[in-house]
Amino acid sequence: MTRAQTDIDAEMAEAVDWLVRLQGEAVTERDWLNFDAWLTASPAHAQAYDAVLTFDDRLTLDSRLAQAELAAEPLTASLGKVVPLRPARRVWIWSAGAAIAAAFVAGAILLPGSGLLGAHETTYVTGVGERRTVALEDGSRIEMNAASRMTVRFERRARRVHLDDAQAFFDVAEDASRPFLVSAGDTQVRVVGTQFDVRQRDGQVAVNVQRGLVEVRPNLPRDAAPFRLRPGQGLSHRKGQRADARVQAVAVEEIAGWRKGRLIYRDQPLSQIAGDMNRLFPRPVKLADAEAANLRLSGVLIVDDQDAMVDRLSHLLPVRTTTTDDAIVIRAR
(Lines give C-alpha, C1' and ligand atoms only; values in the text may rest on other atoms or scores of the structure.)
Protein backbone atom coordinates (compact mmCIF):
# COMPACT_ATOMS: atom_id res chain seq x y z
CA MET A 1 0.00 0.00 0.00
CA THR A 2 1.40 3.40 -0.95
CA ARG A 3 1.98 6.18 1.53
CA ALA A 4 -0.73 8.27 -0.22
CA GLN A 5 -3.32 5.53 0.20
CA THR A 6 -2.30 5.04 3.83
CA ASP A 7 -2.97 8.75 4.42
CA ILE A 8 -6.37 8.44 2.75
CA ASP A 9 -7.22 5.44 4.93
CA ALA A 10 -6.39 7.40 8.08
CA GLU A 11 -8.30 10.54 7.03
CA MET A 12 -11.38 8.57 6.04
CA ALA A 13 -11.35 6.59 9.27
CA GLU A 14 -11.07 9.81 11.28
CA ALA A 15 -13.93 11.33 9.30
CA VAL A 16 -16.11 8.29 10.06
CA ASP A 17 -15.25 8.54 13.76
CA TRP A 18 -16.24 12.21 13.83
CA LEU A 19 -19.54 11.58 12.05
CA VAL A 20 -20.46 8.85 14.56
CA ARG A 21 -19.41 10.92 17.57
CA LEU A 22 -21.19 14.14 16.53
CA GLN A 23 -24.46 12.35 15.81
CA GLY A 24 -24.45 10.61 19.18
CA GLU A 25 -26.63 11.73 22.09
CA ALA A 26 -23.62 12.30 24.37
CA VAL A 27 -21.91 14.89 22.15
CA THR A 28 -20.56 17.89 24.10
CA GLU A 29 -19.46 21.41 23.23
CA ARG A 30 -15.86 20.24 23.69
CA ASP A 31 -16.48 17.65 20.96
CA TRP A 32 -17.66 20.40 18.61
CA LEU A 33 -14.58 22.50 19.40
CA ASN A 34 -12.25 19.56 18.78
CA PHE A 35 -14.08 18.68 15.57
CA ASP A 36 -13.74 22.26 14.34
CA ALA A 37 -9.99 22.17 15.03
CA TRP A 38 -9.61 18.84 13.19
CA LEU A 39 -11.72 19.96 10.21
CA THR A 40 -9.74 23.17 9.65
CA ALA A 41 -6.31 21.64 10.28
CA SER A 42 -6.02 20.32 6.72
CA PRO A 43 -7.98 20.64 3.44
CA ALA A 44 -7.74 16.84 3.22
CA HIS A 45 -9.77 16.53 6.42
CA ALA A 46 -12.62 18.62 5.00
CA GLN A 47 -12.51 16.62 1.76
CA ALA A 48 -12.63 13.31 3.62
CA TYR A 49 -15.53 14.45 5.80
CA ASP A 50 -17.53 15.69 2.78
CA ALA A 51 -16.89 12.38 1.02
CA VAL A 52 -18.12 10.39 4.03
CA LEU A 53 -21.24 12.56 4.21
CA THR A 54 -21.95 11.92 0.55
CA PHE A 55 -21.65 8.17 1.08
CA ASP A 56 -23.83 8.41 4.20
CA ASP A 57 -26.49 10.31 2.23
CA ARG A 58 -26.45 7.64 -0.46
CA LEU A 59 -27.06 4.87 2.07
CA THR A 60 -29.96 6.85 3.57
CA LEU A 61 -31.48 7.25 0.11
CA ASP A 62 -31.00 3.56 -0.71
CA SER A 63 -32.73 2.63 2.54
CA ARG A 64 -35.68 4.89 1.81
CA LEU A 65 -36.03 3.49 -1.71
CA ALA A 66 -36.00 -0.04 -0.33
CA GLN A 67 -38.73 0.86 2.13
CA ALA A 68 -40.82 2.42 -0.61
CA GLU A 69 -40.45 -0.63 -2.84
CA LEU A 70 -41.43 -2.98 -0.02
CA ALA A 71 -44.45 -0.86 0.92
CA ALA A 72 -45.59 -0.90 -2.71
CA GLU A 73 -45.65 -4.72 -2.97
CA PRO A 74 -49.12 -6.34 -2.80
CA LEU A 75 -50.07 -8.18 0.36
CA THR A 76 -50.16 -11.99 0.18
CA ALA A 77 -52.30 -14.42 2.13
CA SER A 78 -49.28 -16.15 3.59
CA LEU A 79 -47.63 -12.88 4.67
CA GLY A 80 -50.72 -11.22 6.02
CA LYS A 81 -49.03 -7.82 6.33
CA VAL A 82 -45.99 -5.98 5.10
CA VAL A 83 -43.21 -5.61 7.65
CA PRO A 84 -41.31 -2.33 7.00
CA LEU A 85 -37.65 -2.64 6.22
CA ARG A 86 -35.57 -1.14 9.01
CA PRO A 87 -33.11 1.46 7.75
CA ALA A 88 -29.54 0.18 7.67
CA ARG A 89 -28.14 3.70 7.65
CA ARG A 90 -25.61 3.18 10.42
CA VAL A 91 -24.52 -0.39 9.79
CA TRP A 92 -21.69 0.66 7.50
CA ILE A 93 -19.97 2.94 9.99
CA TRP A 94 -18.83 0.22 12.33
CA SER A 95 -16.60 -1.36 9.67
CA ALA A 96 -14.75 1.98 9.61
CA GLY A 97 -11.64 3.12 7.75
CA ALA A 98 -10.27 0.52 5.33
CA ALA A 99 -13.45 -0.39 3.46
CA ILE A 100 -14.47 3.27 3.12
CA ALA A 101 -11.02 4.30 1.96
CA ALA A 102 -11.13 1.54 -0.66
CA ALA A 103 -14.48 2.83 -1.89
CA PHE A 104 -13.03 6.34 -1.98
CA VAL A 105 -10.06 5.25 -4.08
CA ALA A 106 -12.33 3.26 -6.42
CA GLY A 107 -14.57 6.27 -6.95
CA ALA A 108 -17.56 4.84 -5.07
CA ILE A 109 -17.52 7.83 -2.70
CA LEU A 110 -18.02 11.07 -4.57
CA LEU A 111 -15.78 14.03 -3.99
CA PRO A 112 -17.15 17.42 -2.94
CA GLY A 113 -18.74 19.43 -5.72
CA SER A 114 -20.47 16.44 -7.30
CA GLY A 115 -23.84 18.17 -7.38
CA LEU A 116 -26.51 19.67 -5.15
CA LEU A 117 -29.25 17.07 -5.26
CA GLY A 118 -32.43 18.29 -3.64
CA ALA A 119 -31.23 21.87 -3.07
CA HIS A 120 -33.99 24.44 -2.68
CA GLU A 121 -34.02 28.16 -1.96
CA THR A 122 -36.44 30.52 -0.20
CA THR A 123 -36.27 34.31 0.26
CA TYR A 124 -37.71 36.03 3.34
CA VAL A 125 -38.36 39.78 3.67
CA THR A 126 -39.54 42.03 6.50
CA GLY A 127 -40.89 45.53 5.95
CA VAL A 128 -40.36 48.74 7.92
CA GLY A 129 -41.36 48.14 11.53
CA GLU A 130 -41.94 44.42 10.94
CA ARG A 131 -40.20 41.56 12.71
CA ARG A 132 -40.56 37.92 11.80
CA THR A 133 -39.52 34.52 13.13
CA VAL A 134 -38.76 31.87 10.53
CA ALA A 135 -38.85 28.18 11.51
CA LEU A 136 -36.63 26.15 9.16
CA GLU A 137 -37.17 22.52 8.20
CA ASP A 138 -34.10 21.37 10.15
CA GLY A 139 -35.43 22.76 13.45
CA SER A 140 -33.41 25.98 13.32
CA ARG A 141 -35.13 29.32 14.02
CA ILE A 142 -34.22 32.75 12.66
CA GLU A 143 -35.56 36.01 14.12
CA MET A 144 -35.44 38.76 11.50
CA ASN A 145 -35.23 42.41 12.47
CA ALA A 146 -37.21 45.09 10.62
CA ALA A 147 -36.43 45.95 6.98
CA SER A 148 -34.34 42.83 6.41
CA ARG A 149 -33.93 40.45 3.50
CA MET A 150 -32.38 36.99 3.55
CA THR A 151 -32.22 33.95 1.32
CA VAL A 152 -32.09 30.42 2.75
CA ARG A 153 -30.76 27.56 0.67
CA PHE A 154 -30.76 23.97 1.89
CA GLU A 155 -28.30 21.72 0.10
CA ARG A 156 -27.40 18.09 0.59
CA ARG A 157 -24.25 18.93 2.53
CA ALA A 158 -24.80 22.49 3.75
CA ARG A 159 -27.41 24.93 5.06
CA ARG A 160 -26.77 28.37 3.60
CA VAL A 161 -28.17 31.81 4.45
CA HIS A 162 -27.36 35.02 2.58
CA LEU A 163 -28.10 38.33 4.32
CA ASP A 164 -28.53 41.45 2.23
CA ASP A 165 -29.20 44.65 4.20
CA ALA A 166 -30.38 42.79 7.29
CA GLN A 167 -30.08 41.80 10.91
CA ALA A 168 -31.05 38.38 12.24
CA PHE A 169 -30.63 36.21 15.30
CA PHE A 170 -29.95 32.53 14.64
CA ASP A 171 -30.77 29.55 16.85
CA VAL A 172 -29.22 26.75 14.81
CA ALA A 173 -30.14 23.10 15.26
CA GLU A 174 -27.11 20.82 15.47
CA ASP A 175 -26.46 18.75 12.35
CA ALA A 176 -22.97 17.32 11.91
CA SER A 177 -23.75 16.32 8.34
CA ARG A 178 -24.67 19.85 7.21
CA PRO A 179 -22.83 22.91 8.59
CA PHE A 180 -24.80 26.17 8.77
CA LEU A 181 -23.18 28.95 6.70
CA VAL A 182 -24.21 32.62 6.83
CA SER A 183 -22.91 35.04 4.20
CA ALA A 184 -23.05 38.75 5.10
CA GLY A 185 -21.15 41.35 3.10
CA ASP A 186 -17.55 40.18 2.74
CA THR A 187 -17.87 37.70 5.60
CA GLN A 188 -18.91 34.08 6.06
CA VAL A 189 -20.04 32.68 9.41
CA ARG A 190 -19.79 28.91 9.92
CA VAL A 191 -21.45 26.94 12.72
CA VAL A 192 -22.93 23.52 13.38
CA GLY A 193 -25.32 24.32 16.22
CA THR A 194 -25.37 27.54 18.26
CA GLN A 195 -27.04 30.92 18.92
CA PHE A 196 -25.65 34.13 17.43
CA ASP A 197 -26.61 37.48 15.89
CA VAL A 198 -25.46 38.84 12.51
CA ARG A 199 -25.94 42.45 11.41
CA GLN A 200 -25.11 43.70 7.92
CA ARG A 201 -26.15 47.36 7.69
CA ASP A 202 -24.72 50.33 5.81
CA GLY A 203 -21.43 48.59 5.03
CA GLN A 204 -20.86 47.45 8.62
CA VAL A 205 -20.78 43.74 9.49
CA ALA A 206 -21.09 42.53 13.09
CA VAL A 207 -21.31 39.02 14.57
CA ASN A 208 -22.12 38.42 18.26
CA VAL A 209 -22.27 34.99 19.92
CA GLN A 210 -24.68 34.00 22.67
CA ARG A 211 -24.04 30.24 22.81
CA GLY A 212 -21.67 27.76 21.15
CA LEU A 213 -18.71 28.35 18.86
CA VAL A 214 -18.82 30.51 15.71
CA GLU A 215 -16.16 30.71 13.01
CA VAL A 216 -15.96 34.00 11.10
CA ARG A 217 -13.82 34.28 8.00
CA PRO A 218 -13.65 36.56 4.94
CA ASN A 219 -15.09 35.34 1.65
CA LEU A 220 -11.75 36.24 0.03
CA PRO A 221 -9.01 35.23 0.26
CA ARG A 222 -10.22 31.76 1.12
CA ASP A 223 -7.01 30.81 2.92
CA ALA A 224 -7.25 33.71 5.39
CA ALA A 225 -7.18 32.71 9.06
CA PRO A 226 -10.66 32.71 10.63
CA PHE A 227 -11.73 34.28 13.90
CA ARG A 228 -13.32 31.88 16.37
CA LEU A 229 -15.85 33.49 18.69
CA ARG A 230 -17.06 32.02 21.96
CA PRO A 231 -20.15 32.99 24.00
CA GLY A 232 -20.04 36.63 25.02
CA GLN A 233 -17.70 37.63 22.19
CA GLY A 234 -18.35 39.76 19.12
CA LEU A 235 -16.56 40.88 15.98
CA SER A 236 -17.32 43.89 13.78
CA HIS A 237 -15.68 45.66 10.86
CA ARG A 238 -16.50 47.78 7.85
CA LYS A 239 -16.87 45.87 4.61
CA GLY A 240 -13.51 45.64 2.87
CA GLN A 241 -11.59 46.66 6.01
CA ARG A 242 -11.04 43.33 7.71
CA ALA A 243 -7.72 44.51 9.12
CA ASP A 244 -9.70 46.70 11.52
CA ALA A 245 -11.71 43.75 12.90
CA ARG A 246 -11.27 43.13 16.60
CA VAL A 247 -12.76 40.53 18.93
CA GLN A 248 -14.39 42.15 21.94
CA ALA A 249 -16.56 41.19 24.89
CA VAL A 250 -20.30 41.61 24.35
CA ALA A 251 -22.93 41.36 27.10
CA VAL A 252 -25.80 38.95 26.52
CA GLU A 253 -28.32 41.78 26.97
CA GLU A 254 -26.70 43.59 24.05
CA ILE A 255 -27.09 40.58 21.78
CA ALA A 256 -30.76 40.20 22.77
CA GLY A 257 -31.47 43.94 22.86
CA TRP A 258 -33.34 44.55 19.61
CA ARG A 259 -35.45 41.42 20.13
CA LYS A 260 -36.64 42.85 23.46
CA GLY A 261 -37.44 46.36 22.26
CA ARG A 262 -34.15 48.04 23.15
CA LEU A 263 -31.52 49.61 20.91
CA ILE A 264 -28.16 49.40 22.70
CA TYR A 265 -25.27 51.50 21.42
CA ARG A 266 -21.58 51.66 22.23
CA ASP A 267 -20.07 54.87 20.90
CA GLN A 268 -22.13 54.69 17.69
CA PRO A 269 -22.74 57.68 15.36
CA LEU A 270 -26.13 59.33 15.17
CA SER A 271 -26.20 58.41 11.49
CA GLN A 272 -26.49 54.73 12.48
CA ILE A 273 -29.14 55.47 15.08
CA ALA A 274 -31.20 57.42 12.55
CA GLY A 275 -30.85 54.52 10.11
CA ASP A 276 -32.13 52.08 12.73
CA MET A 277 -35.13 54.31 13.48
CA ASN A 278 -35.93 54.56 9.77
CA ARG A 279 -36.25 50.77 9.68
CA LEU A 280 -38.72 50.90 12.56
CA PHE A 281 -41.04 53.75 11.54
CA PRO A 282 -42.48 54.92 8.20
CA ARG A 283 -41.93 58.62 8.93
CA PRO A 284 -38.26 59.27 8.05
CA VAL A 285 -35.68 60.72 10.42
CA LYS A 286 -33.35 63.08 8.56
CA LEU A 287 -30.04 64.56 9.70
CA ALA A 288 -29.66 68.15 8.62
CA ASP A 289 -25.87 68.43 8.82
CA ALA A 290 -22.66 66.42 9.04
CA GLU A 291 -22.04 67.60 12.60
CA ALA A 292 -25.27 65.93 13.72
CA ALA A 293 -24.50 62.77 11.74
CA ASN A 294 -21.12 62.42 13.47
CA LEU A 295 -22.38 62.82 17.04
CA ARG A 296 -21.83 59.60 18.97
CA LEU A 297 -23.98 57.86 21.57
CA SER A 298 -23.39 55.23 24.22
CA GLY A 299 -26.65 54.25 25.82
CA VAL A 300 -30.02 52.51 25.49
CA LEU A 301 -33.09 53.64 23.56
CA ILE A 302 -36.41 52.02 24.38
CA VAL A 303 -38.36 51.23 21.22
CA ASP A 304 -41.89 52.57 21.64
CA ASP A 305 -43.34 55.74 20.12
CA GLN A 306 -41.20 57.46 17.48
CA ASP A 307 -41.71 60.97 18.87
CA ALA A 308 -40.81 59.77 22.36
CA MET A 309 -37.60 58.16 21.08
CA VAL A 310 -36.57 61.35 19.28
CA ASP A 311 -37.29 63.36 22.42
CA ARG A 312 -34.99 61.07 24.42
CA LEU A 313 -32.26 61.59 21.85
CA SER A 314 -32.51 65.35 22.32
CA HIS A 315 -31.76 64.82 26.03
CA LEU A 316 -28.86 62.44 25.40
CA LEU A 317 -27.16 64.40 22.63
CA PRO A 318 -26.70 68.12 21.84
CA VAL A 319 -29.35 68.22 19.11
CA ARG A 320 -32.64 69.95 18.39
CA THR A 321 -35.47 68.46 16.38
CA THR A 322 -38.14 69.74 14.03
CA THR A 323 -41.17 67.50 13.56
CA THR A 324 -43.62 67.61 10.65
CA ASP A 325 -46.12 65.17 9.23
CA ASP A 326 -43.60 64.13 6.56
CA ALA A 327 -40.33 63.87 8.48
CA ILE A 328 -38.35 64.47 11.68
CA VAL A 329 -35.28 66.63 11.11
CA ILE A 330 -32.41 66.54 13.60
CA ARG A 331 -29.80 69.30 13.77
CA ALA A 332 -26.74 69.81 15.94
CA ARG A 333 -27.15 72.59 18.49
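**Reading the labels on a predicted model**

Mentor: Helix H6 (residues 270-280) and helix H8 (residues 306-316) pack at an angle of about 170°, and their axes are 12 Å apart. Please keep in mind throughout that this is a predicted model.

Trainee: Why is H6 called roughly antiparallel to H8?

Mentor: The helices pack at about 170°, and angles over 145 degrees count as roughly antiparallel, so H6 is roughly antiparallel to H8. The residues that make this contact are Leu 270, Ile 273 and Met 277 on H6, with Gln 306, Met 309, Val 310 and Leu 313 on H8.

Trainee: What classes of residue make up the contact of H6 with H8?

Mentor: Six residues are nonpolar, one is polar and none is charged. Leu, Ile, Met and Val belong among the nonpolar types, whereas Gln falls into the polar class because it is on neither the nonpolar nor the charged list; the polar residue is therefore Gln 306 of H8. As for the spacing along a helix, an α-helix has 3.6 residues a turn, so residues three or four places apart point the same way.

Trainee: What makes H6 mostly covered?

Mentor: Of the eleven residues of H6, nine are buried; among them are Leu 270, Ile 273 and Met 277, as well as Asp 276 and Arg 279.

Trainee: Turning to the rings, how many aromatic pairs does the structure hold, and what makes the pair of Trp 18 and Trp 38 count as tilted?

Mentor: There are three aromatic pairs. In the pair of Trp 18 and Trp 38, the centres lie 6.3 Å apart and the planes make an angle of 40°; because the limit for pairing is 6.5 Å, and planes neither under 30 nor over 60 degrees apart count as tilted, both parts of the label follow. Trp 18 belongs to helix H1 (residues 3-22) and Trp 38 to helix H2 (residues 29-41), so that the pair links parts of the chain 20 residues apart.

Trainee: Are Trp 18 and Trp 38 buried or exposed?

Mentor: The cut-off for buried is under 20% relative accessible area, so Trp 18, at 9%, counts as buried, and so does Trp 38, at 12%.

Trainee: Why is the pair of Phe 170 and Phe 196 called stacked?

Mentor: The two ring centres are 5.0 Å apart, with 10° between the planes, and since planes under 30 degrees apart count as stacked, the label applies. Phe 170 sits in strand S6 (residues 166-171) and Phe 196 in strand S9 (residues 195-201), so the pair ties together parts that are 26 residues apart in sequence. Phe 170 is buried, at 0% relative accessible area, and Phe 196 is buried at 0% as well. These two residues form one aromatic cluster with Phe 180.

Trainee: How do you know whether Ser 183 and Ala 288 are buried, partly exposed or exposed?

Mentor: Ser 183, in strand S7 (residues 180-184), has 18% relative accessibility, which is under the 20% limit, and therefore counts as buried. Beyond its sequence neighbours up to four places away, Ser 183 touches Val 161, His 162, Leu 163 and Asn 219. Ala 288, in the loop between strand S16 (285-287) and helix H7 (290-293), has a value of 42%, between the 20% and 50% limits, and is therefore partly exposed. Its C-alpha atom is separated by 6.3 Å from that of Val 329, 41 residues apart along the chain.

How values were computed:
Residues numbered from 1 in each chain as written. Predicted model: local features only at pLDDT ≥ 70, side-chain atom pairs only at ≥ 80, totals over all residues. Heavy atoms only, no water. Phe/Tyr/Trp six-rings, centres within 6.5 Å; stacked < 30°, edge-to-face > 60°. Helix = DSSP H or I, 4+ residues; strand = E, 2+ residues; numbered from the N terminus. Buried < 20%, exposed > 50% of the residue type's maximum accessible area, 1.4 Å probe, protein only. Axes fitted to C-alpha atoms, helices over the stretch in contact; angles between N-to-C directions. Parallel < 35°, antiparallel > 145°, perpendicular 65-115°, else oblique. Contact = heavy atoms within 4.5 Å.
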